[in-house]
Amino acid sequence: MAATTATEGEVLSAQPPGPDPGPGTGGEPAPTARRALRQGLAVAVALVVVVVAPLVLSEFRLALLAKYLVFAVVAIGLNLAWGYGGMLSLGHGVFFGLGAYCTAMHFKLADARSGLPDFMTWSGVESLPAIWAPFRSAWFALPAAVLVPMVLAALLGASVFRRRVRGAYFALLTQALAAAFAILLVGQQGLTGGTNGLTNITEVFGLELGNPRSTQVLFFVAAGAVAATFLIARQVVQSRFGRLLMAVRDGEDRVRFLGYDANRVKVLAFSLSAGMAGLAGALFVPIVGIVSPANVGVVPSIEMVIWVAIGGRATLAGPIVGALVVSSAHTSLSEWYPGGWLYLQGALFVVTMVWAPRGLAGLAEVVRRRREHDRAGARAEVAVGTAS
Amino acid sequence: MGALLQVSGVAVSFDGAPALDGVELAVDEGEIRFLIGPNGAGKTTLIDVITGLTAPSAGSVRFDGHELVGRREHQIVRLGVGRTFQTPTVFDRLSVVENLDLAATYRLGLRSMLRRRRGIEAEVGEALASVQLDDRAGDSAGSLSHGQKQWLEIGMLLVQRPRLLLLDEPVAGMSPEERSATGALIERIAQRCTLVVVEHDMEFLRRFARRVTVMHEGRVLSEGSVEHVRADPVVQEVYLGRSRDRRGHRAEAGGAAGGGAAEVDRVEAAT
């Protein structure tokens, strides 16, 4: 799995940041054709993986893969904010968590029929808290899973970007938000299930969880979500707005003097990024069957950043690869040597930052460039040979 | 009906030290106004105030009937005031065309911003040609030379069609050839919009300046034609004074005090 997606990363990452050869230059057709070929190949490989995985993987492994795909959705969104927009968020767990809790609340209510969710009974809550009531409707809960994170991110962004809070200060602020959010969840036992979170989600829209068939369905839904968010991210990045976002990242003040409201650009990108995290949270719940403060606090928020960093920020496919590779490494290592993961993860992060700041996608790009360079060198030699 | 740009009584202080102290400036439509003065005279600060980067503690800046003080940077740009910075700031990781396109499309709504750029807009193509970067269109802006970046930046302002353009040291760090090319470019721009140019280069000043405003210690010291300013004894005093202050390491500048015009020529040396 890792190997195939790495190829995909190499292929797709080559595309977005590279300045397209303007029509004036009459750029060589060959690289464009090769790029199209690579893209076609990547899509084909991705499709094959999605079709083959359910056939060859055990239910347990398939569920894991589905979970990694959900993480890839987070990574795609976070990359929009950090990779392309320069807003390093160490608090995306909050947006992921809001999405997850919104859906989990609905499933708990649906499960409890007309009664109270199990954990409320245990903590002595006698009537349904007002904040829970609207979540009885899926029509409210599912949009809320995406919209609540988006609105929160927009409010946060609008209030801090205007005061020119950025860089490390912004990162710290979001980190604090993640810490506060986890504390709040733990503290409100009767409302949120406290440390345990919302557990025992057994049925989702009539789909009984924990059997091979529902796992397959959820896997396909997760794969579809990756594809959809990838396409949205690609459109955003390649549009004029995407160029503007990168310009804001590289020279926010300059952008203001081009007549753009840089804050608005950042708020939009950050909000979109949070929405994707919320969507991922919403998918996480049925796939894993539980959401707890441990999934949304400081540590998972940092892990999300690591997916993007290792995959390659500011590349389209890099974060997907990063999320898949790092999460599967997490699982395998934990099976083999529990407790060792944190050290390895820290080491990986340091190694990436120091030696490969552009992550796996950056490495792939270097290899590709070198190959192209060799090819161009060979061509030049031929040209010189014919000229003389 | 007064001037296009009317700066009155503008004061700014940084940590209690006054940077601008009651600046008065009026620039008419179609003018090329040069702004000179020793380092720390407040030239760049004045541009910062006009463009909304620095908020003044007192005074007003009116542009075409609009008060600019209190507006945000991008709103001022949208009224038609453009500026450059002392160091060229283009977006290195975007291509030359993308830089220009970004500058040209600042009035697009979000919905059109979310579409991809198809081809090169006519005005972007025009700007590419006038800043002589057509053959570098697809290259990343980071690969341009210093002078070319400066031109790209001017091109980005051109496509925005400002009514007033504030250029902060447009030829600083340029080779002689680049300087004359930039001068020609500025003359062409001047046919379309009003210009305020901060520049130390006397050669450049002599060739292109019509009206000059001399600033010193946050105030306007003198204003008029190049000849008038050069002959102004107060201006001479300021520059002579500066050269004397620096006698320690610039003995020859203070020692060889010749005619007034020669001293003003040291504007460049003194700053």
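**Reading a buried helix and an open sheet**

Modeller: Let's start with a list: in this predicted model, the buried residues of α3(B) are B:V96, B:V97, B:E98, B:N99, B:L100, B:D101, B:L102, B:A103 and B:A104.

Colleague: Thanks! How should I read such a list, and why is helix α3 of chain B largely enclosed by the rest of the structure?

Modeller: The general idea first: an α-helix has 3.6 residues a turn, so residues three or four places apart point the same way. Now the case here: nine of the nine residues of α3 (residues 96-104) of chain B are buried, so the helix is largely enclosed by the rest of the structure.

Colleague: What covers the buried residues of α3(B)?

Modeller: The cover includes α10 (240-256) of chain A, along with α5 (122-130) and α6 (146-159) of chain B. For the wider setting, 45% of the 271 residues of chain B count as buried.

Colleague: And the strands? What is the order of the open sheet in chain B?

Modeller: Chain B has 13 helices and ten strands. Six strands form an open sheet with mixed pairing, in the order β6-β7-β8-β3-β9-β10. At its edges stand β6 (81-83) and β10 (219-225) of chain B; each has a single partner strand, so one side of each is left without a neighbour in the sheet. From one strand to the next, the twist averages 20 degrees.

Colleague: How many bridges join β6(B) to β7 of chain B, and do they run parallel or antiparallel?

Modeller: Three bridges join β6(B) to β7 (residues 164-168) of chain B, and the two strands run parallel. To find one on screen, look at B:R83, whose bridge partner in β7(B) is B:L166.

Notes. Residues are numbered from 1 along each chain as its sequence is written. Chains are lettered from A and ligands numbered from 1 in the order in which they are written. This is a predicted model: local features need pLDDT of at least 70, side-chain atom pairs count only at pLDDT 80 or more; totals for chains, interfaces and linings use all residues. A residue is buried if 20 or more other C-beta atoms lie within 10 Å of its own, exposed if 12 or fewer, and partly exposed in between; C-beta atoms are placed from the backbone. Helices (H or I, at least four residues) and strands (E, at least two) are DSSP runs, numbered from the N terminus. Two residues are in contact if their C-beta atoms, placed from the backbone, lie within 7 Å. Two strands pair if DSSP finds at least two bridges between them. Axes are lines fitted to C-alpha atoms, for helices over the stretch in contact, and angles run from 0 to 180 degrees between N-to-C directions.
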